[in-house]
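Here is a short, friendly walk through one protein model. Please have a look at the sequence and the structure before reading on.

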Amino acid sequence: MILKFALQLLLVTLLALPCEVNAQTCSASASPVSFGSVSPIARTAVTATGTVNVTCTWPATATDSYVKVCLNIGGTSPRFLVNGSAAMQYDLYQDAAHSVAWGSVYYGTPPISLTLARPAGGTHLTQTVTVYGQLASNQPTIPTVGNSSTVYAQTFGGNTTSVNYAFYQFAAPPCSSITGSAGTFPFTASATVINDCYINATNISFTSVGALGTSLNANGSITAQCTSGDAWRIALNGGSSGSVGGRTMQRSGGGGTVNYQLYSDASHTVAWGDGTASTTAASGVGTGYQQIINVYGVVPPQTTPAPGTYSDTITATISF
């Protein structure tokens, strides 16, 4: 009875071993595709890369020398990174020229395919495939949330990715005929949208006069372009006088000044400065497009100084 039991255990063990040894398998694992920090108002395409590592195993007694591996990713082209209801267009490609989108046999689009040859004297082989991502250009209105950097992402895994493979000896089968999924490879594509602003200004030129007995008015503008949803504030410094409440233009070569003030409203009631000396700074929220803010200049009546050219240089600073 004891001998019979021992023989049964030995038989089960011997029958089980060939099944494990003869298993021909492949698996895949993917890295994230991260576009890093992105400024939509730059309107430029942004690229990134990721990798997929494919590992295949041949048993010691295998007769197949090769394996065809097909990496499928679901969904249609183009793709979108999302945050809530906001979306940013991008896509994943098989080539550095971003001309062949990564697809899936299940969607009738080309998957990434590769062929691995059994290594001489070995049973395992790992091959790395590069995935190329590109954010579409000209998407200036992508917003941030809560006035801070905002992550947009798309996650793949489950039934959105699959690794299909077929071992063979002579003729490689097409991916279209290898439709049985043998596992998935989850990963995430992401980009961080940042608050960003551009600013530029036009000059304010007052009319040439012989006497300053009446007010002189002239207008200029400041153009701000900020990330959509980004709160901004523009302050004007005191120029050569150092005083936002008592601005002066200096005579070229010295010897005189002209008093003036800058305003953010056409009625000249809100002096534009830095928030000190009864002045305020202009503020708003970015749209992703250029926003033009008028600057209203006034030279009040005053004692006329010596003839000459009078000017001042103001620095506009945008905070966001």
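In what order do the 3 strands of the open sheet lie? This is a predicted model, and in it the order is β7-β4-β10, with antiparallel pairing. Strands β7 (112–117) and β10 (161–168) form the edges, each pairing on one side only. From one strand to the next, the twist averages 20 degrees.

You can follow the pairing of β4 and β7 in the viewer. Strand β4 covers residues 66–73 and is joined to β7 by 6 bridges, the two running antiparallel. If you look for Lys-68, you will find Thr-115 of β7 standing opposite.

Now to the backbone in the loops. Most residues other than glycine have a negative phi, and most peptide bonds are trans. The loop between β4 and β5 (79–83) holds Pro-78, and the peptide bond that joins Ser-77 to Pro-78 is cis, with omega about 0 degrees.

Two further loop residues, neither of them glycine, have a positive phi: His-98 and Asn-147. Here they are together:

| Residue | Phi | Loop | Relative accessibility |
|---|---|---|---|
| His-98 | near 55 degrees | between β6 (86–93) and β7 | 18% |
| Asn-147 | about 60 degrees | between β8 (124–135) and β9 (150–156) | 36% |

Which of these is buried, and which is partly exposed? Buried means under 20% relative accessible area, so His-98 counts as buried at 18%. Asn-147, at 36%, is partly exposed, because that class lies between the 20% and 50% limits.

Key: Residues are numbered from 1 along each chain as its sequence is written. This is a predicted model: local features need pLDDT of at least 70, side-chain atom pairs count only at pLDDT 80 or more; totals for chains, interfaces and linings use all residues. Side-chain values use heavy atoms; hydrogens and water are left out. Two strands pair if DSSP finds at least two bridges between them. Helices (H or I, at least four residues) and strands (E, at least two) are DSSP runs, numbered from the N terminus. Axes are lines fitted to C-alpha atoms, for helices over the stretch in contact, and angles run from 0 to 180 degrees between N-to-C directions. Buried means under 20% relative accessible area, exposed over 50%, partly exposed in between (1.4 Å probe, protein chains only).
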